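User: I'm new to this one and would like to know where its labels come from. Could you walk me through a few of them?

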Amino acid sequence: MHDRTEKRGCTWNCRFSWVRPAFLRKYIVSWTNDGQYIALGMFNGIISIRNKNGEEKVKIERPGGALSPIWSICWNPSSRWESFWMNRENEEAEEVIVNRYFQEIPSALKSAVYSSQGSEAEEEEPEEEEDSPRDDNSDEHNDILAVADWGQKLSFYQLSGKQVGKDRLLNFDPCCISYFTKGEYILLGGSDKQVSLFTKDGVRLGTIGDQNSWVWTCKVKPDSNYVVIGCQDGTISFYQLIFSTVHGLYKDRYAYRDSMTDVIVQHLITEQKVRIKCKELVKKIAIYKNRLAIQLPERILIYELYSDDSSDMHYRVKEKIVKKFECNLLVVCSDHIILCQEKRLQCLSFGGVKEREWQMESLIRYIKVIGGPPGREGLLVGLKNGQILKIFVDNLFAIVLLKQATAVRCLDMSASRNKLAVVDENDTCLVYDIHTKELLFQEPNANSVAWNTQCEDMLCFSGGGYLNIKASNFPVHQQKLQGFVVGYNGSKIFCLHVFSMSAVEVPQSAPMYQYLDRKMYKEAYQIACLGVTDADWRELAMEALEGLEFETAKKSFTRVQDLRYLELINSIEERKKRGETNNELFLADVFAYQGKFHEAAKLYKRSGHENLALDMYTDLRMFEYAKDFLGSGDPKETKMLITKQADWARNINEPKAAVEMYLSAGEHIKAIEISGDHGWVDMLIDIARKLDKAERVPLLLCAQYFKKLDNPGYAAETYLKIGDLKSLVQLHVETQRWDEAFALGEKHPEFKDDVYVPYAQWLAENDRFEEAQKAFHKAGRQGEAVRVLEQLTHNAVVESRFNDAAYYYWMLSMQCLDIAQADQSQKEEMLVKFHHFQHLAELYHVYHSIQRYTEEPFSFHLPETLFNISRFLLHSLSKETPLGISKVNTLFTLAKQSKALGAYKLARHAYDKLQGLQIPARFQKSIELGSLTIRSKPFHDSEELVPLCYRCSTNNPLLNNLGNVCINCRQPFVFSASSYEVLHLVEFYLEEGITDEEAVALIDLEAPRLIKKERKWQEITNSNSQTLRLDETVEHIEEDDPFTAKLSFEQGGSEFVPVVVNRAVLRSMSRRDVLIKRWPKPLQWQYFRSLLPDASITMCPSCFQMFHSEDYELLVLQHNCCPYCRRRIDEPNQ
């Protein structure tokens, strides 16, 4: 025993070169990894943690006190367990995971971790290690101190002094403690005369070596698995620790031991992992379907999956067998566990009851569950003496499958259980037929073997650093791969290399091509389904198609989504359903699709279908080869070939060659189309001149291209050649060659509408609306003519061009008169419109002057003219006001001119009327001032302004309620169209029975008048005086003028009595005294008699408006036309 007296300890500080003594009873010290802190273990059970300067930072007083003296302490050399210790206190004691048993092979597996709590396995994210600067907090969590005392306890503390977990009872006095392999395990020795291996959290795993005396020290060689032990009797022992791999595999689930106390289940396809923490040494693992068995030192745990989902990774505890078992191998089935003990197999239920037992002749080397119904699974057992057995768990008798001379190392059975693969101790892979016991083949250099679970004839085996894949009896395909093959599922091979299990994706191209070489298309397809590239699929499809294995080809082309070949296969299948059986023809189609055209042509010819070869070469533009298949110079086939050759030349952008070929083949239309599209006018006219006139379609196409290419001359020549006059007219119209169109229209009146209507439209589009209206009228399109005028009129009114509006309304009225003359059905309607438009034309003509007066700063009219115009317009607007005409402007003009000329009463009336209207702001001040000043004027009008009726000689008021008629005789006044003074004209009517021609003839007779001299008072009036004198020599016209007698009427009548004359009166009239408005039919002529023959009046022969001759001549000189109807002076009378 060591002396427990007081001892002196000291700390040496190299920087300050001083020694600090510490008078403490202690046993052991330990520095942290970075040398920043030191832990001192005391005899009194206290732990002191000091910094490198000797200052105490933490003091840990343990419950045992002096009864638990500290005998050994050690800091964990790794900082990777921080999260482990932080989460350890919250974890359950037992947790879960799964897989089938596999033969143990030395390894130390390490992978991403997943954990499960309680009875449910849950996924856990892998821990990440990071290097960061050290601080107090990181020191506290990363540094774990293991403490062994003679109170026979093992404890763990953080740098802060906080205890981690609970004290672990040892049942012996510990004398030394040391961490193994970077802190993953702990070595502990003492009075039990052995060194034990513990986990980093204090769980005992086993004994490393038994000694003859107490163990006082044990140390680990850095970065290795070697351990040295020193004992009290002076002996030193040297050990190497080797950790065997405990694992199990079933199909795509692999379970293995991790950290000696955990089990990780890995799904090899989805790469999911689940960790089950058992907190005890895991001795054996077995996995099968949805079962997982884990053997611990004192019990066996049986787990099951939560669901039947193939990707489910959640396990829960199903059963616990609380018994200690010793076995070499462990196997789990649906309802049983199988223990292998040297030569003996025991079958136990999940309740721990032994149900049956099998005794073998030799040592059991390999055991594997090969499936079966639950409770009746089969086992494949390989013995050292070379015997291979099949055992059913519900059958006491084992079945001998075969016996070979060499010991068995590995076994596997094919998917259909017809073949058996064995790897013996000589590294030879032997494949047997189970039924016949025949050795099918054998391959050297094998250490493990596995059949493909999805393909009966495929297996793989590993050895010598190579992976070997063998299909059926074909040669082996090799590729480099390190490790042991443990499973083969589809295109994935599960390989255990050193310490890790991985799923290797292996293309199945090599075995597929082996099958293709032997034309075994269906078997090749099965191999391809396991996993090959798109190029391999396409090759398989092509090979099957050439081998006329359409079903396999169809499936393969579907894989690569090649619709073109799928359509070919469908068409061939349809033809076979219709009874076609010529395989050479089918194969020729296949070769054609593959681009093997010459082979296809030979097959077409051999099968008697030369026309198909011709079509193929023609479609391919291989015309030289196509000529070899022309049948006996058939002109139709020759023409077809030339046409297709021309199509090809056209497509490759050789249009001239295409035109020549088309012409030689008689395809004139296509030749014309190409020439026209390229603008080859010379070639087009050559074609047109060579064509017969009976070929209308190509000639018409030529003409269309001539028009398109702006060659109307050639187009006209072409139309004349085929005699298409209507198209010729349309050509002249489209090219606006109006002279030629008019000439053609004169020769052929049936095309009159085709010429004048487009001409009118062209005029209208070029703003020549008046000419357009005349053209429409000339073409007989009265409706269009009227619409044009109506639109022109509306635009003129809206734009305040009232002079133009008057002109257009006049033209509209004349247009309506023409329609009434031509169409009796519309006569009444058109006559009404005629009078209405005549009235509107006169109103707008008058208002033009008023609008100019109110809008422009200067006026071109005399005040008397403006007075007469505004008074005439006011009387004409008694019923309604047309669009654009302003009563305000009219009354304003009338008021101003009336006031200026002395018509004060009329001016006052105009101002009063204006008060009731909405007056523009620009007139407001002037009207208000005029309304005030007019009140200072006399309440009467100047007599000089009063109009006189020339029929009854009655003076009419300036403001006439009846309008522009005499208030006495109701005779309508006739106004001058320029000054709007009342003209000395009286309208008369013909007596019934007298025609217009007769009336004119009678008037033209001009019978002489009787002139007699008599005494008579002569009245002489001038501006200053009025004189009467008796003059006996005055010549006096005969008073009894017949027309004057007709002017009389019955006084006081409210109806208008017109002047009606007979032949005698007409005969008495002078031609120069009568004015006649010669209206076209169906209107009657109007006759007017001048009562003052010396005052000359002129009437426009077009619009029949009356003017004072002097005014008319002045206006004609100004405008070179009639101011009303715009008839030019050089235009002949109609």
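Analyst: Happy to, and keep in mind that this is a predicted model. Let's begin with N868, which lies in helix 25.

User: Why is N868 called buried?

Analyst: Its relative accessible area is 14%, and buried means under 20%. The value of 14% falls under that cut-off, so N868 counts as buried.

User: What does N868 touch, leaving out residues up to four places away in sequence?

Analyst: N868 touches S979, Y980 and E981. With S979 there's also a reach from the side chain of N868 to the backbone oxygen, at 3.5 Å.

User: Staying with helix 25, what makes helix 24 and helix 25 oblique to each other?

Analyst: Helix 24 covers residues 827–855 and helix 25 covers residues 863–876, and they pack at an angle of about 135°. Roughly antiparallel needs an angle over 145, and roughly perpendicular runs from 65 to 115. An angle of about 135° fits neither class, so the pair is called oblique. Their axes are 10 Å apart, and helix 24 passes helix 25 in a left-handed crossing.

User: Which residues meet there?

Analyst: From helix 24 come H839, E842, L843, V846, Y847, S849, I850 and Y853. On the helix 25 side they meet L866, I869, S870, F872, L873 and S876. Sorted by class, this contact has nine nonpolar, four polar and one charged residues.

User: How do you know that Q1105 counts as buried?

Analyst: Its relative accessibility is 11%. Set against the cut-off of under 20%, that makes Q1105 buried. Q1105 lies in the loop between strand 55 and strand 56. Leaving aside neighbours within four places in sequence, Q1105 is in contact with E842, A977, T1098, M1099, C1100 and Y1124. Of these, E842 is one of the helix 24 residues that meet helix 25.

User: Why is S1096 called partly exposed?

Analyst: S1096 has a relative accessible area of 47%. Buried would need under 20% and exposed would need over 50%. Since 47% sits in between, S1096 is partly exposed. You'll find S1096 in the loop between strand 54 (1086–1090) and strand 55 (1097–1099).

User: What makes the S1096 and S1109 pair a polar contact?

Analyst: The two side chains come to 2.5 Å, and a polar contact needs a pair of N or O atoms within 3.5 Å. Besides S1109, S1096 is in contact with H1108, leaving aside neighbours within four places in sequence. S1096 and H1108 are 12 residues apart in sequence and 6.4 Å apart in space, C-alpha to C-alpha.

How values were computed: Residues numbered from 1 in each chain as written. Predicted model: local features only at pLDDT ≥ 70, side-chain atom pairs only at ≥ 80, totals over all residues. Heavy atoms only, no water. Helix = DSSP H or I, 4+ residues; strand = E, 2+ residues; numbered from the N terminus. Buried < 20%, exposed > 50% of the residue type's maximum accessible area, 1.4 Å probe, protein only. Contact = heavy atoms within 4.5 Å. Polar contact = N/O pair within 3.5 Å; in protein donor to acceptor, adjacent residues only side chain to side chain. Axes fitted to C-alpha atoms, helices over the stretch in contact; angles between N-to-C directions. Parallel < 35°, antiparallel > 145°, perpendicular 65-115°, else oblique. Left-handed = near helix turned anticlockwise from the far one by under 90°. Nonpolar A, V, L, I, M, F, W, Y, C, P; charged D, E, K, R; others polar.
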